[in-house]
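The following report describes a protein chain from its overall layout down to its aromatic side chains. Please keep the sequence and the coordinates at hand while reading.

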Amino acid sequence: MDRSFLQSVPAITALPPSPAYNGEHLNVPIVYKLVLTGGPCAGKTTAWKKLRTLFEDHGWKVYAVPEKATIFFQCGVKIGELPKDRFVQFQENMNDMHLQIEKTFFELAEGEPKKLFGAV
């Protein structure tokens with residue numbers, strides 16, 4: 001696998017061994033979180049696909065929380081057409097939805113027996 005894309009992300013060029021369970025609490029899995037940010041067409045999806053493959057190739061179980069804005073856009077929501085008060089409410093609702101989805105994914109991850117890596 002070509003790992004040249006990792007040159008711009010030096011923190012993950014060398015994967016830690018990361019045991020599936022915390023040494024102090026043998027029944028509590030360690031769940032890592034990675035957040036990819038950037039504007040449209042910044043390469044988040046491309047980077048994510050490569051990172052996912054990299055971690056899965058090293059035996060990690062990988063979950064990905066979907067991007068919430070894309071869900072709404074694909075369902076016909078046009079944010080630019082919302083009046084300011086509805087836009088603010090939309091953003092608050094989208095944030096609440098994100099937090100609930102993330103919580104659900106992490107609760108699922110905590111029950112996994114493998115090494116875990118979650119992306120938001």
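## Aromatic contacts and helix faces

With a relative accessibility of 24%, Phe-72 counts as partly exposed, because buried residues are those under 20% and exposed ones those over 50%. The model in which this residue is described is a predicted one, and the confidence of the prediction therefore deserves attention before the side chains are taken up again.

The mean pLDDT of the protein chain is 75, and 69% of its residues reach 70 or more. Confidence is highest in helix α3 (residues 84-110), with a mean of 89, and lowest in strand β3 (residues 115-119), with a mean of 53. In two stretches pLDDT stays under 50: residues 9-15, for which the model has 6 contacts beyond four places in sequence, and residues 17-22, for which it has 20 such contacts.

The protein chain holds 3 helices and 3 strands, and from the N terminus on these elements follow one another in the order β-α-β-α-α-β. Of its 120 residues, 25% count as buried, and the chain exposes about 8200 Å², of which carbon and sulfur atoms supply 57%. Among the contacts with a separation of 6 or more, 70% are accounted for by residues 24 or more positions apart.

What should helix α1 span, given its 14 residues? At 1.5 Å a residue, α1 (residues 44-57) should span 20 Å, and its end C-alpha atoms are 20 Å apart, which agrees with that expectation. The buried residues of this helix are Trp-48, Leu-51, Leu-54 and Phe-55. Seen down the axis of α1, these buried residues fall within an arc of 130°, so they line one face of the helix. The general background is that an α-helix has 3.6 residues a turn, so residues three or four places apart point the same way. The face of α1 turned away from the buried side carries the exposed residues Thr-45, Lys-49 and Asp-57. After α1 comes Gly-59, whose phi is positive, near 85°.

The aromatic side chains give 4 pairs in total. Two of them are set out below.

| Aromatic pair | Centre to centre | Angle between planes | Arrangement |
|---|---|---|---|
| Tyr-63 and Phe-105 | 6.1 Å | 65° | edge-to-face |
| Phe-72 and Phe-90 | 5.0 Å | 80° | edge-to-face |

The pair of Tyr-63 and Phe-105 links distant parts of the chain, since Tyr-63 lies in strand β2 (residues 60-64) and Phe-105 in helix α3, 42 residues apart. Tyr-63, at 18% relative accessibility, counts as buried, whereas Phe-105, at 23%, counts as partly exposed.

In the pair of Phe-72 and Phe-90, the rings are edge-to-face, with 5.0 Å centre to centre and 80° between the planes. Phe-72 lies in helix α2 (residues 68-74) and Phe-90 in helix α3, so this pair ties together parts that are 18 residues apart in sequence. Phe-90 counts as buried, at 11% relative accessibility, while its partner Phe-72 is the partly exposed residue with which this account began.

Which residues form one aromatic cluster with Phe-55? The cluster is made up of Tyr-32, Phe-55 and Trp-60, and Phe-55 is also one of the buried residues of α1.

Technical notes: Residues are numbered from 1 along each chain as its sequence is written. Side-chain values use heavy atoms; hydrogens and water are left out. pLDDT is the predictor's confidence in each residue, from 0 to 100. Helices (H or I, at least four residues) and strands (E, at least two) are DSSP runs, numbered from the N terminus. Contact means heavy atoms within 4.5 Å. Buried means under 20% relative accessible area, exposed over 50%, partly exposed in between (1.4 Å probe, protein chains only). Accessible areas come from the Shrake-Rupley method with a 1.4 Å probe; for residues, only the protein chains shown count as cover. The expected span of a helix is 1.5 Å times one less than its number of residues. The arc is that of the directions from the helix axis to the C-beta atoms. Rings of Phe, Tyr and Trp (its six-membered ring) pair if their centres lie within 6.5 Å; planes under 30 degrees apart count as stacked, over 60 as edge-to-face and the rest as tilted.
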